[in-house]
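Okay, everyone, thanks for coming. I'll walk you through a few residues one by one, so keep the picture open while I talk.

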Amino acid sequence: MKNAILLTLLALCTSSLKAQITDPKATEVWEPKPRAVQPGSANTAPSDAIVLFDGSNLDAWQKAGDGTAAGWKLTDKAMEVVPGAGDIQTRQSFGDCQLHLEFKCPTKTVGDGQNKGNSGVFLQGLYEVQVLDYFDNETYSNGQTASIYKQHIPLVNACLPPDTWQTYDIIYSAPVFNADGVKVRSAYITVLQNGVLVQNHVEIKGTTEYIGLPKNPAHGKGPLKLQDHGNTVQYRNIWIREL
């Protein structure tokens with residue numbers, strides 16, 4: 001009974017307060033003010049971004065696994081996979097982020113399906129957005145370009161022909177684990193490919209496994225990893241904003 005009376009009084013007070021607001025200025029919020037960020041252009045990063053690759057060197061990168069120098073090569077202000085050199089990853093680790101990068105799949109690639117222009121972008125080193133030459137090439141839908149590998153099929157196929165630069169713009173929210181290592185919030189990701197929405201705030205269910213189901217090992221921030229899948233895929237203009 002007491003709770004019902006309190007709820008009634010609260011509703012009456014709220015209704016009365018709403019009725020008393022007649023000045024539009026009463027609902028204006030002036031503080032805090034968002035900080036100013038200078039937007040980038042097609043070839044430059046926003047002013048608050050961390051530039052991971054600008055075409056000049058691989059200083060921000062290392063070989064995944066052992067931390068030695070990244071074994072990929074520089075060519076015409078791009079980095080190119082050297083088949084067999086291994087995956088590379090950033091020296092810095094990240095969590096929630098906005099990521100921009102450009103990739104180009106080679107015209108001459110032996111094979112088809114998953115063997116044609118294959119690479120991958122791994123958020124926190126664990127969760128893959130597939131890179132593949134999917135222009136006039138067939139493979140399983142949850143492994144095509146812009147798929148969250150083996151988890152989410154892209155909304156549309158926005159691929160350009162091989163030997164053409166393509167873009168990924170990614171908004172990523174990292175998973176959260178409690179003190180016992182139990183996942184209490186999944187990762188979520190939004191992806192635009194070449195300016196087209198291809199993944200709309202989809203849940204990442206765990207690691208993007210080639211064989212088997214997703215796993216959920218507890219972790220904190222992790223590196224951005226680019227995959228050596230044996231094809232000479234190129235990357236350029238890579239920057240990230242921590243959110």
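Let me start with a word I'll be using a lot: a residue counts as buried when its relative accessible area is under 20%, and as exposed when that area is over 50%, with partly exposed in between. One caution before we go on: this is a predicted model.

So, N118. Where does N118 sit? You'll find N118 in the loop between β6 (97–104) and β7 (119–123). Its relative accessible area is 1%, which is under 20%, so N118 is buried. A polar atom of the N118 side chain lies 2.7 Å from the backbone oxygen of Q114. And what does N118 touch, once we skip residues up to four places away in sequence? The list is Q130, V131, L132, Q227, H229, N231 and V233.

Next up is E102, which lies in strand β6. Buried or exposed? E102 is buried, with a relative accessible area of 4%. Look at what the side chain is doing there. There's a polar contact of 2.8 Å between the side chains of E102 and N237, and another of 3.4 Å between those of E102 and H100. On top of that, the side chains of R236 and E102 meet in a salt bridge, 2.6 Å from N to O. R236 lies in strand β15 and E102 in strand β6, so this pair ties together parts that are 134 residues apart in sequence. R236, for its part, is partly exposed, at 28% relative accessibility. Leaving out residues up to four places away in sequence, the residues E102 touches include A42, W165, Q166 and T167.

Staying with salt bridges: how many does the structure hold? The count is nine. The ones I'd like you to look at involve D48. The side chains of D48 and R35 meet in a salt bridge at 3.0 Å, N to O. D48 and R35 both lie in the loop between α1 and β1, so that pair ties together parts 13 residues apart in sequence. D48 also meets R241 in a salt bridge, side chain to side chain, at 2.8 Å, N to O. Here R241 is in strand β15 (residues 234–242) while D48 is in that loop between α1 and β1, so the pair ties together parts that are 193 residues apart in sequence. Put those together and you get a network of salt bridges linking R35, D48 and R241. As for accessibility, R35 counts as exposed at 59%, D48 as partly exposed at 25%, and R241 as buried at 15%.

While we're in the loop between α1 (2–20) and β1 (50–53), W30 has its place there too. W30 is exposed, with a relative accessible area of 60%. Its side chain makes a polar contact with the side chain of E28, at 3.2 Å.

On to the aromatics. There are four aromatic pairs. One of them is Y127 with Y172, which is tilted: 6.5 Å centre to centre, with 35° between the planes. Y127 lies in strand β8 (residues 127–131) and Y172 in strand β9 (residues 166–173), so the pair ties together parts 45 residues apart in sequence. Y127 counts as buried at 2% relative accessibility, and Y172 as buried at 0%. There's one more ring to point out: K225 lies over the face of F122, 4.6 Å from the ring centre.

Y127 comes up again with G206. Which loop holds G206? That's the loop between β13 (196–204) and β14 (222–226). G206 counts as buried, at 1% relative accessibility. Setting aside neighbours within four places in sequence, G206 is in contact with Y127, Q151, P214, K215 and N216. The C-alpha atoms of G206 and S186 are separated by 7.7 Å, and those two residues are 20 apart along the chain.

Last stop, cysteines. How many disulfides are there? Zero. Take C105: the nearest cysteine sulfur, that of C159, is 8.0 Å away. A disulfide needs the two sulfurs within 2.5 Å, so C105 is in no disulfide. C105 counts as buried at 2% relative accessibility, and C97 is buried as well, with a relative accessible area of 1%.

That's my tour, happy to take questions.

Key: Residues numbered from 1 in each chain as written. Predicted model: local features only at pLDDT ≥ 70, side-chain atom pairs only at ≥ 80, totals over all residues. Heavy atoms only, no water. Buried < 20%, exposed > 50% of the residue type's maximum accessible area, 1.4 Å probe, protein only. Helix = DSSP H or I, 4+ residues; strand = E, 2+ residues; numbered from the N terminus. Polar contact = N/O pair within 3.5 Å; in protein donor to acceptor, adjacent residues only side chain to side chain. Phe/Tyr/Trp six-rings, centres within 6.5 Å; stacked < 30°, edge-to-face > 60°. Lys NZ or Arg CZ within 6 Å of the ring centre and 35° of its normal. Contact = heavy atoms within 4.5 Å. Salt bridge = Lys/Arg side-chain N within 4 Å of Asp/Glu carboxyl O.
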